[in-house]
Amino acid sequence: MEPVLEQRCADIARDLTIPALLHRNATEFPELPALSLLGSPDTLTWRELRDEVTVLARGLADLGLASGDRLLIMMSSRPEHWLIDLAAVHLGAVPSTVYATLSTDQLRYLARHSQAGIVVLEDEAALARWQPILDDVPEIRRVVVAEHTGADTGRVVSLRTLGVRGAAAHRADPAAFEKTWREVRPDQPVTLLYTSGTTGDPKGVMLTHHNVIYQTVVMEHTIETPDHAATLAYLPLAHIAERVLGVYNPIYRAGHVTICSDPTQLLAGLVRVRPVSFFGVPRIWEKMVAGVQGQLATAEPQVKAAVEMAREVALQVHGLRQSGAEIPLELAAKHATLDAQVLKPLRAKLGMDNLLWPGSGSAPIPYDVLLYLASIGIVVLEVWGMTETTGTATINTPDHFRTGTVGRPNGGMEIRLAEDGEILARGPLVCAGYLRADGGVDPVTDGDGWLATGDVGAFDDDGYLTITDRKKELIINSSGKNISPAQIENLLRAHPLIAQAVAVGDRQPYVTALIVLDEEIAPLWARSKGLPFTTVAALAEDPVLRAEIDVAVNAANTKLARPEQVKTYRVLSRGWTPESGELTPTLKLRRRIIQERYAEEIGALYT
């Protein structure tokens, strides 16, 4: 981004807050749609959304929530989640969404660390789950339950009661709400997000109004999408990507968010909304490719031939575009015709025929998956960043991208590499700091403003960044060779049957792997091979399955140096989930837990 444009973005974001933007939307775009729930006929307009936020803010104030206080939310993706979060923000308080998949001990830790005085929960089941925590953490003064069927008590109230009290308070003193939100400053925290805790206790990242609004302003000037666009929100609000794309960016652009609360309905949601932008975590894109390949496998020969021709042409154009070369007129015309006749109808079945910006991040995505998507007209643009950088610190854009990299520094951000390859970041997207248990905030940067990200990377000659691994996760084999497990795992996961893989080999003579089958793809694959599918555990022992995984491992090994190649592996009998503990809520690997839990299986790979 040019310095003049960076300065313009900084000037736009300097004095804005989320409450100020919501007031603007309710004033300038009162009847435009703001928030819907997939499958529900009801939609909140921007005026109605702000009215709901107003009464909930007054209700929270009645419970004692004030500027600077923390509020914990554990609810599913539903309109009330958005509303209660924004209500707290209008008081100058700091909402924090926590993952419902966390254990009781993990939730207890967050409750104590955040010092939240109010907790907002989904229903009676969630209240029962939190009861041991409430017994142990007396600092939680009040609990609000969205679907509360019992009677209100001194400590527990229903969301409906909160709204009734708030409406009465607002009628009695309508000026109080306007005064409170106007006192919120851009440098105040807008949310508290806890990291996944892959290497220790979760850290509480404090993001400011300026952080999130600067991110949205830069996105507006980097990726050309229309104002008031429709978007689909499906990730948890504890995820920085959904925070930016499902809350703050739609508020800044006055867009229309449709909430998909059931992950199994994601495809239906995409087809219904047909968004112009969509951020998919890698597993979403991998499953999408597997689904398209599965459909084409049973298509008529002439359909297969047409798709293959169109894909070949699309990849030629893709290669020229990413290199910055001119596309010959004849090739451009051929591509336009085939795309309109063959590929766009294919994308329409995925709800992606209007897509202008398909993005991915949070974990590596196999290169072969990216190429397949590009061949059907979905050029997924990878980004890199972390909660501490308000999402994207580097970005590929539709005009400047390099497939397989995470792009170049986002507007206003500086990125450099330390001597050991660790990525350092500095700029307006770096968070305010980490919350301390005593309520203070520790800086995340050194004296010169640099954030040590823990990721290791390399730049190419054109300034595009590639992430090679996490600094703390590098394998050092018995010969002293540094090996990137993420690179190995990424190549293995390119096969549709493999949902997760962990490369092992620290202080060992060679690399081995633990492999987890995709529980949705595996039954379909088994039936296509005429195998009697009963369970994933039984399939894991099948010699035909083993032969197919051999193919995947060998394919990965051809792209790896000899010390990096997987010598042997174990297909596990069950999957990994956040609930079972091997994955974080954002689906990152908990390597220490995996290696402890499967120590016997790993040991057997080295005997």
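**Note on two sheets and the enclosed cavities**

1. Val502 stands opposite Leu514, a residue of strand E26. The model in which this pair is seen is a predicted one. Strand E26 covers residues 511-517, and six bridges join this strand to E25. The two strands run antiparallel. As background, strands of a sheet pair through backbone hydrogen bonds, in either a parallel or an antiparallel way.

2. These strands belong to an open sheet of three strands, in the order E25-E26-E27 and with mixed pairing. Strand E25 (498-504) and strand E27 (566-571) are the edge strands, and each of them pairs on one side only. On average, neighbouring strands of this sheet are turned by 25° against each other, with direction ignored.

3. What lies across the three strands? Helix H19, made of residues 543-557, lies across E25, E26 and E27. The helix runs at about 145° to E27.

4. There is also an open sheet of five strands, again with mixed pairing. Its order is E12-E13-E14-E15-E16. Strand E12 (277-279) and strand E16 (408-409) stand at the edges with a single partner strand each, so one side of each has no neighbour in the sheet.

5. Within the five-stranded sheet, strand E14 (residues 381-386) pairs with strand E15 (residues 391-395) in the antiparallel sense, over four bridges. Met386 has Gly391, in E15, as its bridge partner.

6. The next points concern cavities. Rolling a probe the size of a water molecule over the atoms shows where empty space is left. How many cavities of 30 Å³ or more are there? The count comes to four. The largest cavity has a volume of about 210 Å³, and the second largest has about 110 Å³.

7. Which residues lie nearest the centre of the largest cavity? They are Thr225, Ala229, Asn249, Arg253 and Ser277, out of 17 lining residues. Helix H9 (209-222), strand E10 (230-233) and helix H10 (240-253) are the elements that give two or more residues to this lining. H10 gives the most, with four residues. By type, the lining of the largest cavity divides into nine nonpolar, six polar and two charged residues.

8. The second largest cavity is lined by 13 residues. Closest to its centre are Tyr99, Leu102, Leu110, Tyr194 and Thr195. The lining of the second largest cavity divides into eight nonpolar residues, four polar and one charged.

Terms used:
Residues numbered from 1 in each chain as written. Predicted model: local features only at pLDDT ≥ 70, side-chain atom pairs only at ≥ 80, totals over all residues. Heavy atoms only, no water. Pairing = 2+ DSSP bridges. Axes fitted to C-alpha atoms, helices over the stretch in contact; angles between N-to-C directions. Contact = heavy atoms within 4.5 Å. 1 Å grid on protein atoms, 1.4 Å probe; cavity = no way out; pocket = protein on both sides within 12 Å on 5 of 7 lines; lining within 4 Å. Points joined across faces, edges and corners; volume = space filled by probe spheres on them. Nonpolar A, V, L, I, M, F, W, Y, C, P; charged D, E, K, R; others polar.
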